[in-house]
Amino acid sequence: MNLTGWHTVDATDRAIILATQEGLPIDPQPYHRVAEAVGIAPAEVMARMQRMLDDGVIRRIGAVPNHYRLGYRGNGMSVWNVPDERVVEIGRRLGALDFVSHCYQRPRHPPEWPYNLFIMVHGPDRATVEEKMERIAAMLGDDDRGHEILYSSRILKKTGLRLV
Amino acid sequence: MSAGWPQRPTKCFSAADVSSKTARAIYGADVDTLDRQILNRLQDGFPIVEHPFAAVAAELGVDESTLIERVRQLREDGTLTRFGPLYHAERLGGGLTLAAMEIAPDDFERVNEQVNAFPEVAHNYARDHRLNMWFVLATESPQRIDEVISDIEQVTGYRVYNMPKQQEFFVGLKFEV
């Protein structure tokens, strides 16, 4: 299905996605192993994956480290109430900070939920994360109309996304 | 905007910007120098060529078989949570959203079981907040998001706050080790 007009993912692409969504085979010729699983030529697998990468269907091919294991133990979801008319400029500015991994605008649900900007902040511990929150608040000045940080206390489910 | 409908994100950073944006090295744990080089290099992307491990190994100045063995080890011991393509769910035509619930502490375990029983619930986290449960919903189609949310509300008896992404300003961070 193509909803955005940006790309088309056909049945063969979907088969490749299904064969790789748990990861690439750790093998000297991983794309050949995918080709065998899908039943097409290795060159076609590589061409299709390259096209999906170019189109942004694949964000990147690579490794995702366990950030807790690498010492990033303070990971907070920070939420901010900023003026809607300034959210693009603010989002771009804060997204460029080197300790921010995700920066999204999401809808408010007033009165319970006044926040419209979500920023994931990472550091070795919570104290460092709090310090970075203060830096963001100082950068925003009057545009900071309230913020909070939500730490996760427990992983309840982690299955990964099943995309197809 | 309907919930979960793919939006054209505001693209502010090129791939080059993303890969050059690095977090400060903090803590080496039990990874040695070669493991660190491998972890840093593989976060930048893996080539689409016939012998990609050989290509990366040549860059790092090691044997292909050494690199493969190290990657296998890092994957097995959980230092790498993932190795392979990262797909962009919305661009595949599916629905994706973040949702939250405020659950009475006494009810939390019951609701947790009910919510997790939905196959569309991918990640679910307890968070220290009045909204104490946060989960990601991934569905085959954008329209399914609203249906699943209303099913969860019916089964649990609690309101679900739907918070679909409206604009994306940045995704990605390299954890340099």
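In the predicted model, strand β5 of chain A, which spans residues 147-158, pairs with β4(B) in the antiparallel sense, and the pairing extends over 5 bridges. Within this pairing, the residue that Ser152(A) stands opposite is Arg127(B), which belongs to β4(B).

The strand pairing is accompanied by an interface between the two chains in which 92 residues of chain B are in contact with 86 residues of chain A. The size of an interface is often given as the accessible area lost when the parts come together. For chain B and chain A, the area buried between them is about 8300 Å², of which 60% lies on carbon and sulfur atoms. On the side of chain B, the residues that lose the most area to chain A are Ile48(B), Tyr87(B) and Arg91(B), which together account for 10% of what that side buries.

Polar interactions across the interface were also enumerated. Between chain B and chain A, 39 residue pairs are in polar contact, counting pairs with both residues at pLDDT 80 or more. Strand β2 of chain B, comprising residues 80-87, provides 8 residues, the largest share of the side of chain B that touches chain A. When that side of chain B is divided by class, it has 51 nonpolar, 21 polar and 20 charged residues. Across the interface of chain B and chain A, 4 salt bridges are found. A salt bridge is also formed by Glu168(B) with Arg59(A), for which the closest N and O atoms are 3.3 Å apart.

Over all chains, a search of the whole structure yields 23 salt bridges. In chain B, the side chains of Arg41(B) and Glu59(B) meet in a salt bridge with an N to O distance of 2.6 Å. Because Arg41(B) lies in helix α2 (residues 33-43) and Glu59(B) in helix α3 (residues 52-60) of chain B, this pair ties together parts that are 18 residues apart in sequence. The two partners are placed in contrasting surroundings, since Arg41(B) is buried, with a relative accessible area of 17%, whereas Glu59(B) is exposed, with a relative accessible area of 53%.

A further salt bridge in chain B is made by the side chains of Glu120(B) and Arg144(B), at 2.8 Å from N to O. This pair links distant parts of the chain, 24 residues apart, with Glu120(B) in the loop between α5 (108-116) and β4 (121-127) and Arg144(B) in helix α6 (residues 142-156) of chain B. Glu120(B) counts as buried at 14% relative accessibility, while Arg144(B), at 27% relative accessibility, counts as partly exposed.

Arg144(B) also takes part in a salt bridge with Glu147(B), in which the closest N and O atoms are 2.9 Å apart. Glu147(B) and Arg144(B) are 3 residues apart in helix α6 of chain B, and are therefore separated by about one helical turn. Glu147(B) is partly exposed, with a relative accessible area of 40%. In chain A, salt bridges that share partners join Asp10(A), Asp13(A), Glu44(A), Arg48(A), Arg51(A) and Asp55(A) into one network.

Conventions: Residues numbered from 1 in each chain as written. Chains lettered and ligands numbered in written order. Predicted model: local features only at pLDDT ≥ 70, side-chain atom pairs only at ≥ 80, totals over all residues. Heavy atoms only, no water. Helix = DSSP H or I, 4+ residues; strand = E, 2+ residues; numbered from the N terminus. Buried < 20%, exposed > 50% of the residue type's maximum accessible area, 1.4 Å probe, protein only. Contact = heavy atoms within 4.5 Å. Buried area = accessible area lost by both parts, 1.4 Å probe. Polar contact = N/O pair within 3.5 Å; in protein donor to acceptor, adjacent residues only side chain to side chain. Nonpolar A, V, L, I, M, F, W, Y, C, P; charged D, E, K, R; others polar. Pairing = 2+ DSSP bridges.
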